[in-house]
Number of protein chains: 2
Amino acid sequence: MSEESRVTFYPWEKVVDVAPDTTLLDAAEREGGMSIESLCGGEGMCGTCKVIVDEGEENLTEPSTADTQILSEDQLERGYRLSCRARVQGGGDVTVTVPPDSQNTGGIVLTEGEELEFDIDPAVKKYHVKYPTPTLHDNVADLERIEQALADNYDLDIAAVDYEVQRELPNDMREREVEDHLEATATVYEGRELIDLQPGYEETAYGLAVDIGTTTVAVYLVDLKTGETEAISSILNPQSTQGGDIMSRMRYARRNDDGREELKREIREGVNECIDEVVREAGIDREDIYEGVFVGNTAMHHLFLGIEPDYVAGSPYIAAREAPIEVKARELGIDINPSGYVYWLPVSGGWVGPDKVSVLLVAGHYDEPETTVCIDIGTNGEISVGNEDEMLVTSAPAGPALEGAEISHGVRAQAGAIERLTIDPATLEPTYETIEGDAPNGLCGSGVIDALAELFATGIVDQRGKFRDDLEHPRLRENADGEDEFVLVWAEDAAIEDDIVVTQNDIRSVQMAKAAIQAGTRVLMEELDIEDPDRVLLAGAFGNYIEKTSAMTIGLYPDMGLDEVVSLGNAAGVGAKLVLLDRNQRPETERIIDEVAYYEIAGTDIFQEKFMESMYLPHKDFDLYPHVEARVEDRRADATRAAQKGSDD
Amino acid sequence: MSEESRVTFYPWEKVVDVAPDTTLLDAAEREGGMSIESLCGGEGMCGTCKVIVDEGEENLTEPSTADTQILSEDQLERGYRLSCRARVQGGGDVTVTVPPDSQNTGGIVLTEGEELEFDIDPAVKKYHVKYPTPTLHDNVADLERIEQALADNYDLDIAAVDYEVQRELPNDMREREVEDHLEATATVYEGRELIDLQPGYEETAYGLAVDIGTTTVAVYLVDLKTGETEAISSILNPQSTQGGDIMSRMRYARRNDDGREELKREIREGVNECIDEVVREAGIDREDIYEGVFVGNTAMHHLFLGIEPDYVAGSPYIAAREAPIEVKARELGIDINPSGYVYWLPVSGGWVGPDKVSVLLVAGHYDEPETTVCIDIGTNGEISVGNEDEMLVTSAPAGPALEGAEISHGVRAQAGAIERLTIDPATLEPTYETIEGDAPNGLCGSGVIDALAELFATGIVDQRGKFRDDLEHPRLRENADGEDEFVLVWAEDAAIEDDIVVTQNDIRSVQMAKAAIQAGTRVLMEELDIEDPDRVLLAGAFGNYIEKTSAMTIGLYPDMGLDEVVSLGNAAGVGAKLVLLDRNQRPETERIIDEVAYYEIAGTDIFQEKFMESMYLPHKDFDLYPHVEARVEDRRADATRAAQKGSDD
């Protein structure tokens with residue numbers, strides 16, 4: 001009996017003993033937890049199963065013709081081999097590394113260290129095809145020749161070819177002749193449409209995850225083979241010049257003849273600007289980007305696509321469509337491969353758009369037994385409440401205050417922005433941290449929430465958010481407009497020429513924003529008869545940075561133990577990336593639309609009533625917030641003790 | 001028992017006796033040979049089943065709400081009724097006329113009086129939909145509302161919506177409100193894509209059948225409801241400035257940087273010019289044209305679509321694709337509804353293009369037991385030979401001589417063109433007929449063929465096509481270039497200043513053209529072992545006008561009794577119209593591709609050999625043409641008798 005070989009696979013560090021003549025690909029498949037890509041099913045066609053032989057090359061068969069044709073000289077020298085061709089022999093040990101682009105699973109790290117695992121199975125795939133050179137006796141047409149090769153080698157039955165690809169196909173398919181046949185790389189979308197044909201063997205393929213927020217646009221360039229994010233670019237949504245909030249943009253669209261077209265052009269140009277930047281940063285060819293998966297709220301969805309937004313803007317808030325949208329990039333003027341696609345996740349209903357669907361996909365709580373409150377904090381707060389049995393989703397018009405906008409000294413999350421702030425309950429002196437440690441220039445979103453929480457916890461403002469009348473302190477003063485304000489940083493310590501303050505109006509703005517979210521949450525909880533949810537998930541580009549205690553102190557989410565509050569990071573963007581890398585998530589997003597019911601709160605009496613109660617800190621009924629009540633009591637007791645200690649000294 | 005009513009249906013003049021309460025629609029369905037359109041299945045939704053009540057209105061129920069909503073006041077006054085709503089009562093007689101747009105069968109008259117019958121079932125259909133006005137409690141999205149209505153009323157499950165239609169859909173779907181619901185008309189392509197949404201009830205829908213010949217472009221505007229051709233426009237193919245034949249255009253494309261783009265632009269502009277004309281002539285809105293079905297040879301197909309034509313131009317003559325092509329009109333810049341489609345019939349192989357597939361569809365001989373030779377006469381002659389068991393098809397490079405082009409006095413088929421010509425065998429004096437009886441200005445295609453046939457039959461030219469050396473006649477002379485020529489019309493009788501002549505070179509051109517077709521035919525006959533085919537079908541815009549005897553005399557098609565030679569008219573254009581009006585013909589054209597084998601003759605020795613034999617009149621082997629031999633003998637005998645009679649006098 002022949003001797004077995006021991007093969008060790010990195011990065012998994014798994015060891016497999018196999019009989020002589022076993023391929024490395026088969027060896028990997030013996031053991032769970034390892035997965036090597038192999039589009040052609042181990043036929044030596046696609047090159048996707050390549051591995052690096054670290055040790056024991058002498059215990060493998062010689063490189064095959066497929067190896068020398070598909071792998072570059074440089075790769076061959078560095079020990080690359082097609083794992084479907086390399087067979088063990090002679091019984092010696094072999095050690096191989098499976099590089100990221102040959103692994104077919106990926107992971108995305110969420111904020112709190114949790115990793116989201118998924119299969120790398122993008123809608124866009126590249127297939128290496130070989131086909132006979134045409135002759136008088138073999139006069140099958142060009143496209144049909146490519147189709148036949150895809151069917152023979154990959155069992156793929158493509159139904160369509162992009163019109164633009166068709167035009168140059170006769171040239172492209174003939175450029176690389178090897179012996180008696182031709183070869184090329186076919187890029188196929190969703191297993192059904194040929195969207196590129198390149199001579200020879202090509203494997204580069206990128207996609208974009210695009211998150212269009214009312215305030216911020218973020219574009220992630222993702223390698224479709226490894227799942228790695230290669231570059232990120234973000235800008236202020238260029239539509240902001242037509243209004244910071246959605247409603248003012250909607251009004252702009254309605255009142256100006258060319259308004260809708262202008263908003264459409266602005267946002268598309270903004271996305272293209274980000275694309276230019278990621279292309280430059282990663283040093284890639286934009287023709288290699290074949291898809292952009294887009295998320296955003298319903299208004300951004302409509303405005304980006306140039307769809308009439310008027311009816312979703314007012315009661316009864318009807319979206320133009322719910323189903324996902326798939327449009328050629330060239331139809332929208334998005335500067336990626338013109339035959340590639342823009343894919344928008346579906347709309348759940350009314351204001352609850354693709355961004356919330358994306359958050360739900362990442363959160364996954366519609367499939368779990370625990371009752372969960374999931375809040376995506378943004379200019380519109382999207383809220384989902386429930387569990388696997390029933391889940392409701394709604395959208396609350398928070399406005400931009402929680403992101404630091406429309407606040408006297410609000411700034412974007414930039415160097416010098418105050419992101420953490422505490423107030424000493426005894427002295428009422430603030431302590432703060434800024435981004436990158438620079439001298440402070442204002443408050444970003446998390447700083448704003450901290451400020452209000454601390455003003456309340458230390459008793460500087462009361463439950464209604466009013467500055468205490470009876471307090472005398474050098475930092476509490478009346479400004480030129482006759483409005484009360486609290487000085488957080490004196491001008492001498494600031495990077496700006498003024499004192500950094502929080503005014504009574506600022507507090508009012510933050511109260512209204514949090515009240516919208518809190519009221520929306522409470523409407524859904526009441527509708528589902530939930531009093532104490534099991535946990536809270538926080539999403540939103542800015543959700544990462546919020547101090548959970550502060551957010552709970554002002555009542556942004558229901559009172560509970562902090563262990564049950566989990567931050568998902570920028571879940572909307574992560575969801576877009578997930579959908580980009582794993583096409584099986586697409587039907588899943590449509591399932592979400594079916595599983596989750598949209599509940600319209602806008603204009604309802606119950607929302608109005610709960611909104612008024614939620615203007616209080618943390619809520620009109622303080623009993624609903626026992627953890628907050630305890631904390632506030634502790635802080636104030638500390639202050640009292642400190643004051644006594646001070647007077648004792 | 002209640003009394004039956006007798007209903008008479010025009011135009012079929014069929015009589016049906018039905019029980020009280022039967023609808024007119026049901027009554028019509030009792031009897032075969034009558035077919036009333038009813039898209040919604042008799043639910044009073046679509047309005048397609050309307051009829052005109054000529055007599056006995058009092059024996060029908062009163063007009064329903066559906067009648068008053070769907071039919072115009074003018075129609076109601078003229079006696080229109082929805083046949084699905086009108087029920088007979090009281091036992092009296094009723095007489096109705098089913099107007100053409102409510103009948104769902106159509107017919108196209110071929111040249112020789114034969115009518116091609118088919119179902120009117122176009123890819124483009126309009127559906128009248130009603131759906132509830134959205135409210136806070138019914139917040140289904142706009143598109144999904146339309147989809148639901150199409151599913152409920154028409155059992156139609158649309159998978160896609162055109163991106164451009166989507167953009168204005170929220171406005172268009174709300175424009176017409178009737179009581180508590182909204183209504184609109186949805187235009188659906190192939191039962192799967194929404195390509196238009198119009199407020200209210202609309203029924204106008206047109207399509208184009210477009211025949212792109214190397215020489216002539218013809219556009220037919222067709223009413224998709226009645227099947228009637230409403231207007232026709234044709235122009236000289238604008239690419240002709242880059243060469244009259246395909247090969248010179250191909251060279252132009254190859255040798256000029258922008259050549260391919262220029263040829264593409266020219267032909268598309270030419271088609272748009274024709275569209276402008278039919279739109280103007282019929283007085284319609286071009287937005288109501290939703291589809292153009294295109295035919296043409298492979299080169300025209302590639303050049304129109306902007307596909308690289310280089311590889312189909314030279315050996316081994318490989319087409320870029322065979323499958324039919326469906327592209328949005330806006331992608332090609334064709335001036336119909338931008339969300340509509342351009343549909344090209346499939347390519348059979350090499351030079352045998354969509355035009356020949358269209359001819360085969362109309363000829364239908366691939367499905368019949370008789371062995372048939374079908375020739376589509378054009379700048380490229382497309383030939384099919386065989387029967388239901390086996391059929392071969394090829395393309396022969398005839399050049400434009402048979403169409404009167406590149407001949408000294410060749411003209412297009414216009415007023416004054418000589419279309420019939422005979423030569424008196426005794427006096428050698430020609431007699432001719434011109435188009436519209438004007439004074440002659442040249443020879444069109446049929447005149448050219450007549451001229452050569454008569455010159456041969458009367459012995460003025462010999463079997464090799466050479467003017468007889470020994471003949472002395474005032475009409476036979478040597479021209480300034482030292483070339484022999486025969487005067488058909490003296491300048492004094494002509495509309496031009498010169499004598500109208502046929503030169504030795506003209507004869508050579510016509511011989512080469514007919515030899516290409518004849519040789520192509522004989523190669524296929526030999527390949528299939530056919531000596532005497534059962535019949536000949538002649539197609540081609542100009543096939544109509546050929547004098548069959550003349551065409552056989554020069555050997556253009558195999559020798560046989562004239563009864564077995566049938567002219568199909570412009571079968572390519574007819575086929576395009578058929579495919580436009582009956583979508584079931586689309587899979588049929590793909591079946592043709594499978595049933596009929598392409599045989600490449602270009603560059604083969606056997607074609608070259610048969611071409612040389614076919615340069616003779618009618619063929620090197622005169623025995624193959626017994627009917628022609630007999631005729632020529634008769635003519636010459638007549639001449640001899642006449643000469644004798646003359647000398648006897």
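Four salt bridges are counted between domain 2 of chain A and domain 3 of chain A. That is a good place to start with this predicted model, and the points below take you from that domain interface to charged pairs elsewhere. As background, side chains of opposite charge can pair when their charged atoms come close.

**Charged and polar links between domains 2 and 3 of chain A**

- One salt bridge to look up is the one between A:E193 and A:K328, where the closest N and O atoms are 2.7 Å apart.
- Across the interface of domain 2 of chain A and domain 3 of chain A, nine residue pairs are found in polar contact, both residues being at pLDDT 80 or more.
- On the domain 2 side, the elements giving two or more residues to the surface that touches domain 3 are β8 (124-132), α5 (163-172), β11 (181-189) and β12 (193-199) of chain A.
- Of these, β12(A) gives the most, with four residues.
- Sorted by character, the residues on this side of domain 2 of chain A are five nonpolar, two polar and six charged.

**Where the domains lie and how they meet**

- To get your bearings, the domain assignment divides chain A into domain 1 (5-102), domain 2 (124-199) and domain 3 (206-344).
- Between domain 2 of chain A and domain 3 of chain A, the C-alpha centres lie 32 Å apart.
- Contact between the two involves 13 residues of domain 2 of chain A and 12 residues of domain 3 of chain A.
- Together, domain 2 of chain A and domain 3 of chain A bury an area of about 920 Å², and carbon and sulfur atoms give 46% of it.
- Three residues stand out here: A:V124, A:Y189 and A:I195 supply 50% of the area that domain 2 of chain A buries against domain 3 of chain A, more than any other three residues.

**A salt bridge from chain B to chain A**

- Over all chains, the count comes to 74 salt bridges.
- One of them joins B:E261 to A:R167, with the closest N and O atoms 2.3 Å apart.
- This pair crosses between chains, running from helix α7 (residues 259-282) of chain B, which holds B:E261, to helix α5 of chain A, which holds A:R167.
- Are the two partners buried or exposed? B:E261 has 29% relative accessibility and counts as partly exposed, whereas A:R167 is buried, with a relative accessible area of 9%.

**Salt bridges within chain B**

- The side chains of B:R286 and B:D276 meet in a salt bridge, at 2.8 Å from N to O.
- B:R286 sits in the loop between α7 and β16 (289-296) of chain B and B:D276 sits in helix α7 of chain B, so this pair ties together parts that are 10 residues apart in sequence.
- B:R286 is partly exposed, with a relative accessible area of 26%, and B:D276 also counts as partly exposed, at 29% relative accessibility.
- Another pair to find is B:E485 with B:R477, whose side chains meet in a salt bridge at 2.8 Å, N to O.
- In that pair, B:E485 is buried with a relative accessible area of 6%, while B:R477 counts as partly exposed at 30% relative accessibility.

**A shared network**

- Which residues are joined into one network by salt bridges that share partners? They are A:D162, A:E193, A:K328, A:R330 and B:E331.
- Among them are A:E193 and A:K328, the pair you met above with its closest N and O atoms 2.7 Å apart.

Key: Residues numbered from 1 in each chain as written. Chains lettered and ligands numbered in written order. Predicted model: local features only at pLDDT ≥ 70, side-chain atom pairs only at ≥ 80, totals over all residues. Heavy atoms only, no water. Domains from an automatic or database assignment. Contact = heavy atoms within 4.5 Å. Buried area = accessible area lost by both parts, 1.4 Å probe. Polar contact = N/O pair within 3.5 Å; in protein donor to acceptor, adjacent residues only side chain to side chain. Nonpolar A, V, L, I, M, F, W, Y, C, P; charged D, E, K, R; others polar. Buried < 20%, exposed > 50% of the residue type's maximum accessible area, 1.4 Å probe, protein only.
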